[in-house]
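Colleague: I'd like to go through this model with you, a bit at a time. Can I throw some questions at you?

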Amino acid sequence: MVLLVLVCVLAGVVVLAVFGGPEARHLLAPYGLMKPGLLWMALFFLAPVWSLVRISLSTKESRFSVQYNFAWAWENYSRAFSDFGGQFQRAFLYSFIATILTIVIGYPIAYVIAFRGGRYKNLLLGLVVIPFFTSYLIRTIAWSTILADQGPIVSLLSTLGLVDVFEWLRIMDNGKLINTPAAVIGGLTYNFLPFMLLPIYVSLEKIDANLVNAANDLYSTPTAAFRKVVFPLSLPGVFAGTLLTFIPAAGDFVNAQFLGNPNTTMIGNSIQDQFLRQNNYPVASAMSAVLMVSITALVLLYSRLFGTEELV
Amino acid sequence: MNTLRSRIARMSLNVFAGLGLIYLFLPIFFIVLFSFNKPKGKYNIVWQEFTFDNWLDPFSQKSLTAALWVSLRIGALATAISTVLGSMIALALSRRTFKGSSAINLLLVLPLTTPEIVLGSSLATLFLNQTYINFGFVTVVIAHVMFQVSFVALTVRARIRGFDWTLEQAAADLGSTPQRTFRLVTFPLILPGVLAAALLAFALSIDDFIITFFNAGSTATFPLQIYGAARVQIPPQINVLASMVLLFSVALLVVGATRGQRSEAAKAMKRPKIKIRK
Amino acid sequence: MNKSTNSGARRNPWTRREFLMRSGALGVAGLSLPALLAACGGGGGGGNALVFDNWPLYIDPSEDGLVGSVERFAQASGVDLTYTESYNDNDEYFAKIQPLLGNDKRIDPDLIAPTFWMAGRLINLGWVDKLPLDKVPNKSNLEDNYVKPPWDPTGEYTMPWQAGTAGIAYNIDVTGRELKSTADLFDPAFKGKIGMLTEMRDTMGLILMSQGIDITTISTFEEAAAAFDVLEKAKADGQIRAFTGNDYIDDLVSGNYAACVGWSGDVLQLGKDSPNIRFVVPEEGGTLWADVMVMPKGTENTDAVAKWLDFVYDPVEAAQITTYVQYFSPVKGVQEEVAKLDPELAENPLVFPDAATASRLKSWANLSDDVDAQFADAFSAITGA
């Protein structure tokens with residue numbers, strides 16, 4: 001149906017362009033330029049969302065059938081919530097904590113590079129980005145080697161006698177660093193750090209040094225200068241970084257798979273399992289749709305509360 | 001006292017950033033280290049002994065090399081398509097506002113604010129419902145172009161925002177044909193932005209796992225091959241290839257950094273020239 | 001490629017093959033024509049190419065001066081064999097081929113090796129063709145207990161590739177003691193250090209047997225409900241570290257696992273390199289399974305398939321495979337051949353089960369579709385993914 005509307009709109013545009021005379025053509029020029037790209041997005045972004053929603057309300061003809069009958073099957077949604085509520089909660093909780101952590105780790109690094117990098121600024125920025133030129137999967141698998149029970153970190157911690165502290169902090173569980181909630185959150189934090197760090201850096205870098213100097217000249221303490229001048233000006237970066245971190249993290253399944261345990265699975269794992277192992281496309285689609293809607297709602301709410309126009 | 005305190009604060013911030021860098025490089029260090037490991041038996045998870053063998057024969061794993069080749073081909077094709085489509089959107093958007101431009105902006109941002117798993121699974125439901133295209137090379141290219149177009153359009157638009165489009169007007173006034181204007185004025189102006197966007201798009205395509213996973217059928221891209229290998233054994237060649245990609249990116253970065261400064265200077269020199277020629 | 005051409009080719013394979021060969025002799029024009037035909041239809045009828053998609057690390061490779069089975073077969077038969085290893089997981093593979101086979105399309109491989117229960121499902125769905133057994137003289141070497149098995153009652157669709165058992169694999173450096181029972185997996189001392197397989201029949205099989213339930217006759221979900229509760233509780237308590245496929249070996253070797261449900265051959269393959277990794281068939285019983293070769297619907301290279309089946313059912317060749325993979329061979333006479341190559345291996349009850357071991361091995365009953373669905377749902381609810 002979406003496709004039909006799009007085709008009508010496109011046909012209308014073509015008709016206008018052909019019969020509308022030069023004025024209409026001038027008016028339509030941008031549309032003509034965008035047509036192929038937008039058509040692609042309509043076909044392979046909007047139409048799939050449509051078909052996702054359709055399948056999420058369909059039933060299968062039989063267990064292994066590839067035929068689906070649209071039937072307003074809301075039970076797919078109730079199953080998504082009843083069977084996978086925990087996974088939804090964990091997905092949002094873990095990615096929320098990971099987002100906070102990326103700010104805590106990424107902000108100071110971005111700050112140091114932007115204000116103290118001097119002529120090494122570009123080099124430092126390059127250094128920060130380089131790790132992410134290796135494959136996402138290899139990085140995550142490397143973490144599972146590093147955090148292994150007989151791996152270097154656990155050995156170091158036990159030599160230093162810090163295991164009990166880490167157990168108390170709930171980072172370690174029964175002597176394990178890996179296959180814990182902390183490992184999943186840590187993996188998410190690591191993998192999405194550049195998406196937080198770079199936008200913050202960009203917004204910090206734009207800040208006019210004179211503003212900070214002015215604050216200092218007016219006897220502001222460094223802390224106050226930061227709080228009243230630098231930090232507010234860097235908020236657009238934090239805002240963009242939050243979205244770029246939280247959204248992919250909430251849908252991720254790689255970290256939970258390689259670094260988690262059966263009690264730390266996220267909604268991404270469930271969608272992947274239902275879709276690519278259980279052939280349960282209706283329920284998988286329902287979970288996808290719920291994820292999409294809830295993230296869109298969160299993003300809208302968040303932009304209303306903290307948003308700026310500078311996102312894109 | 002105040003200065004001492006602020007100096008400590010300064011220092012600790014620098015130390016924190018330094019620790020942050022170490023954290024970022026920890027897994028990279030292990031990846032490179034294990035590319036020199038000589039695994040005992042089939043498993044490259046415990047350090048055994050140092051060897052150059054893996055580096056001397058990085059393409060010995062046939063399926064891995066084949067997958068890398070598939071990834072490069074998909075990346076090149078998808079990037080070519082998405083760069084053209086995305087740049088066209090960016091050009092259209094950046095000249096003037098028109099009816100519906102905010103809706104199109106929203107459409108461009110949507111793929112970025114949608115989790116990959118939703119993009120991947122929804123596209124898969126579309127392909128599942130038809131019998132014209134089988135899951136494989138073509139569906140992966142389609143999927144990659146889909147998310148690349150947004151990135152390209154937004155990157156190019158950000159780069160060319162604030163350009164002086166009256167230059168085109170001037171060329172037209174001086175009797176230049178639209179094609180000629182595009183070739184001599186518009187294209188050179190947008191080229192750096194387009195190249196940057198293409199590089200980004202290519203990088204995204206090469207490393208994409210989640211969306212590809214849902215739409216690849218039995219086609220194995222490099223990330224999918226790694227995922228498959230991770231379920232059995234990770235050969236050191238994976239670490240070697242990953243390290244090679246790393247080295248290549250670093251080289252690109254260095255070249256880009258030095259070239260970037262030069263081209264800034266070149267641009268400053270070139271600007272008036274264009275005007276004179278027209 | 002349309003269907004009529006396909007069936008036409010099957011009805012009259014030799015003409016088409018001859019045609020292909022002749023057009024090949026025509027040079028450039030001929031070169032592109034077969035390529036074109038291959039591109040739309042995938043090889044000629046009874047063509048000389050073969051694609052076998054198998055589980056990873058499941059055949060002897062060419063290494064240490066030995067020529068692997070793939071190369072030996074290619075040399076002996078002249079068949080152009082493409083051997084791939086992308087069969088990683090039964091459910092995942094099924095999900096990949098379902099959109100194709102379910103829509104009457106072909107998949108690339110001419111031969112795949114699903115586990116017996118998956119093969120049964122494929123037969124029921126009509127997604128596999130009968131094997132060209134009349135062209136396989138060595139089919140008489142098939143071990144008696146695989147003749148007309150429950151998953152393939154007529155015996156026309158499947159030939160076992162390898163069989164094996166799921167039992168308990170453990171790292172004695174971590175456990176500090178020998179294990180012998182499935183109950184050991186639930187020992188609180190190993191909390192968070194136990195691995196389970198995502199292969200439902202193996203994990204649940206062990207638990208069911210430890211509860212005294214006979215998996216050879218099980219027919220309803222209710223019989224298994226208590227066993228699922230045991231697994232659910234172990235997962236909730238944090239006893240289980242992960243549900244994995246083949247990758248359990250990594251965790252076992254690196255010491256992340258104390259013990260896990262594992263497959264016999266994998267552990268034996270680790271062999272001398274890792275003497276601390278042990279395998280035991282639990283005293284309550286272990287599962288007996290087989291991965292079987294089937295031809296997905298529409299396979300045209302049936303002659304090449306027949307040659308391959310005949311090759312791997314030759315005890316001399318099969319012994320080479322067994323010496324490497326160390327699973328149960330479904331081929332008669334392999335034990336004698338292995339004795340010539342590796343006398344110690346020929347005596348290993350985990351490769352050639354003796355009566356005592358065999359009595360503890362049980363294979364799953366054929367579950368009806370509905371019951372199978374209940375089992376699968378209950379299991380995936382626990383694995384949490």
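Colleague: Let's begin with two helices: is the crossing of α9(A) and α10(A) left-handed or right-handed?
Modeller: Keep in mind that this is a predicted model. The pair to look at is helix α9 of chain A, residues 209–217, and helix α10 of chain A, residues 222–250, which pack with their axes 10 Å apart at an angle of about 145°. The crossing of α9(A) and α10(A) is right-handed.

Colleague: Which residues in α10(A) do A:L211, A:V212, A:A215 and A:N216 meet?
Modeller: Those four sit in α9(A), so to speak on one half of the contact. By class, the residues of the contact of α9(A) with α10(A) are six nonpolar, one polar and no charged. On the α10(A) half, the residues met are A:A225, A:V229 and A:V230.

Colleague: Chain A is divided into domain 1 and domain 2, right, so how do the residues on the domain 1 side of their contact divide by class?
Modeller: Domain 1 of chain A covers 2–56 and domain 2 covers 80–311. Their contact takes four residues from domain 1 and six residues from domain 2. On the side of domain 1 that touches domain 2, the split is three nonpolar, one polar and no charged.Colleague: Now for chain B against chain A: which element gives the largest share of the side of chain B that touches chain A?
Modeller: This contact takes 63 residues from chain B and 61 residues from chain A. Among the elements of chain B that give two or more residues are α1 (2–34), α3 (62–95) and α11 (236–277). The largest share is 14 residues, and it comes from α1(B).

Colleague: And how many charged residues are on that side of chain B?
Modeller: Let's sort the side of chain B that touches chain A by class. There are 48 nonpolar residues and 12 polar ones. The charged residues there number three.

Colleague: Inside chain B, which element gives the most to the side of domain 1 that touches domain 2?
Modeller: Chain B is divided into domain 1 (65–234) and domain 2 (235–278). The contact takes 10 residues from domain 1 and five residues from domain 2. On the domain 1 side, the elements giving two or more residues are α7 (166–173) and α10 of chain B. With three residues, the one that gives the most is α7(B).

Colleague: How many residues of α10(B) are buried?
Modeller: A residue counts as buried if 20 or more other C-beta atoms lie within 10 Å of its own. The buried residues of α10(B) include B:F222, B:L224, B:I226 and B:Y227. The helix is largely enclosed by the rest of the structure, because the buried count is nine of the nine.

Colleague: Over to chain C: what percentage of its residues count as buried?
Modeller: Chain C has 17 helices and 12 strands. Among its contacts with a separation of 6 or more, 78% are between residues 24 or more positions apart. Of the 385 residues of chain C, the buried share is 47%.

Colleague: Why is strand β8 of chain C largely enclosed by the rest of the structure?
Modeller: Take the faces of β8(C) in turn: C:A259, C:V261 and C:W263 are buried on one side, and C:C260 and C:G262 are buried on the other. Both faces are covered, then. The strand, residues 259–263, is largely enclosed because its buried residues are five of the five.

Colleague: Which residue of β8(C) is the bridge partner of C:I168?
Modeller: Strand β5 of chain C, residues 159–171, runs antiparallel to β8(C), and five bridges join them. In β8(C), the partner of C:I168 is C:V261.

Colleague: What about C:I194, which residue in β8(C) is its bridge partner?
Modeller: Here the strand joined to β8(C) is β6 of chain C, residues 194–197. Two bridges join β6(C) to β8(C), and the strands run parallel. The partner of C:I194 in β8(C) is C:A259.

Colleague: There's also an open sheet of three strands in chain C; which strands stand at its edges?
Modeller: The order is β2-β1-β3, with parallel pairing. An edge strand here has a single partner strand, so one side of it is left without a neighbour in the sheet. The edge strands are β2 (80–84) and β3 (111–112) of chain C.

Colleague: Last one: at about what angle does helix α12 of chain C run to β1(C)?
Modeller: Strand β1 of chain C, residues 49–53, is joined to β3(C) by two bridges, and C:F52 has C:L111 as its bridge partner in β3(C). Helix α12, residues 302–312, lies across β1 and β3 of chain C. Its angle to β1(C) is about 60°.

Conventions. Residues numbered from 1 in each chain as written. Chains lettered and ligands numbered in written order. Predicted model: local features only at pLDDT ≥ 70, side-chain atom pairs only at ≥ 80, totals over all residues. Axes fitted to C-alpha atoms, helices over the stretch in contact; angles between N-to-C directions. Left-handed = near helix turned anticlockwise from the far one by under 90°. Contact = placed C-beta atoms within 7 Å. Nonpolar A, V, L, I, M, F, W, Y, C, P; charged D, E, K, R; others polar. Buried ≥ 20, exposed ≤ 12 C-beta atoms within 10 Å, placed from the backbone. Domains from an automatic or database assignment. Pairing = 2+ DSSP bridges.
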